[in-house]
Structure formats: structure tokens, C-alpha cells
Amino acid sequence: MRDTLTNLEWPSGRKGGKVLELMAGYGRNYPVLKKNFRHVEMLDGSAEMWEHNNHPVTKHFLKIEDFKWPVDEYDCVLGVWCLCYLRGERLLDALAGMEKSVKELGYIVLMEPVLAEDSVHETVQWDENCRDEQARKQSWYERQFKRLGIKVHSIKRYPQDGVMLFDICSFVLQDGTIM
């Protein structure tokens, strides 16, 4: 993810603006965000996680589906393993909200667990201990982006290494108004 954020292409004078990290938890991505952006905001609905997040950022204590998405506010919205917790309209509403909140020529950067494309399932629940989490096919995500008019800038797939149950996919999306 560090390389992905560092290598984003910005219009002249716009690099390093404002970023919102979704499901930021204890702030594990703060160092790379602070290095690449002047203003960092973090959103998470877990009180336990916020107890351990002492970073000097603007904090939003709520779930993604409860966030009131501002218009053209962020240069980048980052979500690492956040869509896998959302289903149905909540997921589509979150994607639409991200797109609405990103400035023209801004980015949405997502990293999500993905299934093999030859899987017989479109989505799979991880296991009985992770009832809310789902992995989906990369092509499933691509259809949702297209449906919402969100431009796919790049996709990089990280094959599982035997430790992870699923591959990880990095999606870099741009505001749909520039398609």
C-alpha cells in the first residue's frame, strides 16, 4: 500500500492534500498517510480500536454506513479490508459515498480479500467466527465500480502466500466524472 499511495499521479500542486482512512483502527497506516498527505482523517466504529489510536488526526467515531459523506472533500479515500464487512446496498452506498467525497482527479484506494476467478461462488463468508466478513471475486468488484460509474485507474493482485486464505487485491479508483 505504501508504494500505491506514493506513486499516485496528482495534478500540479495538488499532491499531499487531504485523506480519509476508513476502518482505520488503531492507526496502523498513519505513518504512510502522514508522509503522503498534509491532513489525515480516520474513521472507525470500534471504541476498542480508538483507545489505541493516539495519532493527531481528525477522528470520526462511527461505522462506514453511518458516515455522512461530504461532497468533493478528499483528495484520497483509503479503505483496507473495509468493504468485506459490508453487504448489499450498504456496500454500494459506501462506494457511491466515497466517489461523491473524492475531488475531481482524486483517488479511492481499496485493498480487499478476493476469491479466485474460477471459484464457483461470487462471495464466500470467511468462516463461522467471522460472520460479517466476506471475500468476493475481483470481477464482482469491477462490475460494481462500472455500475456506479467509478473509473478503475489500476488493479494489482497479490496472490496468497499460504498464510492468507484469499488473494489480496489493490483497487485504485478515480472520480467517475473524468471517465
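What follows is a short exchange about a strand and a pocket in a predicted model.

Colleague: Before we start, what does pLDDT need to be for local features in this predicted model?

Modeller: Side-chain atom pairs count only at pLDDT 80 or more, totals for chains, interfaces and linings use all residues, and local features need pLDDT of at least 70. Residues are numbered from 1 along each chain as its sequence is written, and side-chain values use heavy atoms, with hydrogens and water left out.

Colleague: Thanks! Why is strand E4 described as largely enclosed by the rest of the structure?

Modeller: Strand E4 covers residues 74–80, strands (E, at least two residues) and helices (H or I, at least four) being DSSP runs numbered from the N terminus. Buried means under 20% relative accessible area with a 1.4 Å probe, protein chains only. E4 is largely enclosed because its buried residues number seven of seven.

Colleague: Which strand pairs with E4 over six bridges?

Modeller: Strands pair if DSSP finds at least two bridges between them. Strand E1 (residues 18–22) pairs with E4 in the parallel sense over four bridges, and Leu22 stands opposite Gly79 in E4. Tyr74 stands opposite Val102 in E5. The parallel pairing over six bridges joins E4 to residues 102–115, strand E5.

Colleague: Nice. Which helix joins E4 and E5 in a β-α-β unit?

Modeller: The unit is right-handed: with the strands pointing away from the viewer, the path from the first strand over the helix to the second runs clockwise. Its helix spans residues 88–101 and is H4.

Notes
Buried < 20%, exposed > 50% of the residue type's maximum accessible area, 1.4 Å probe, protein only.
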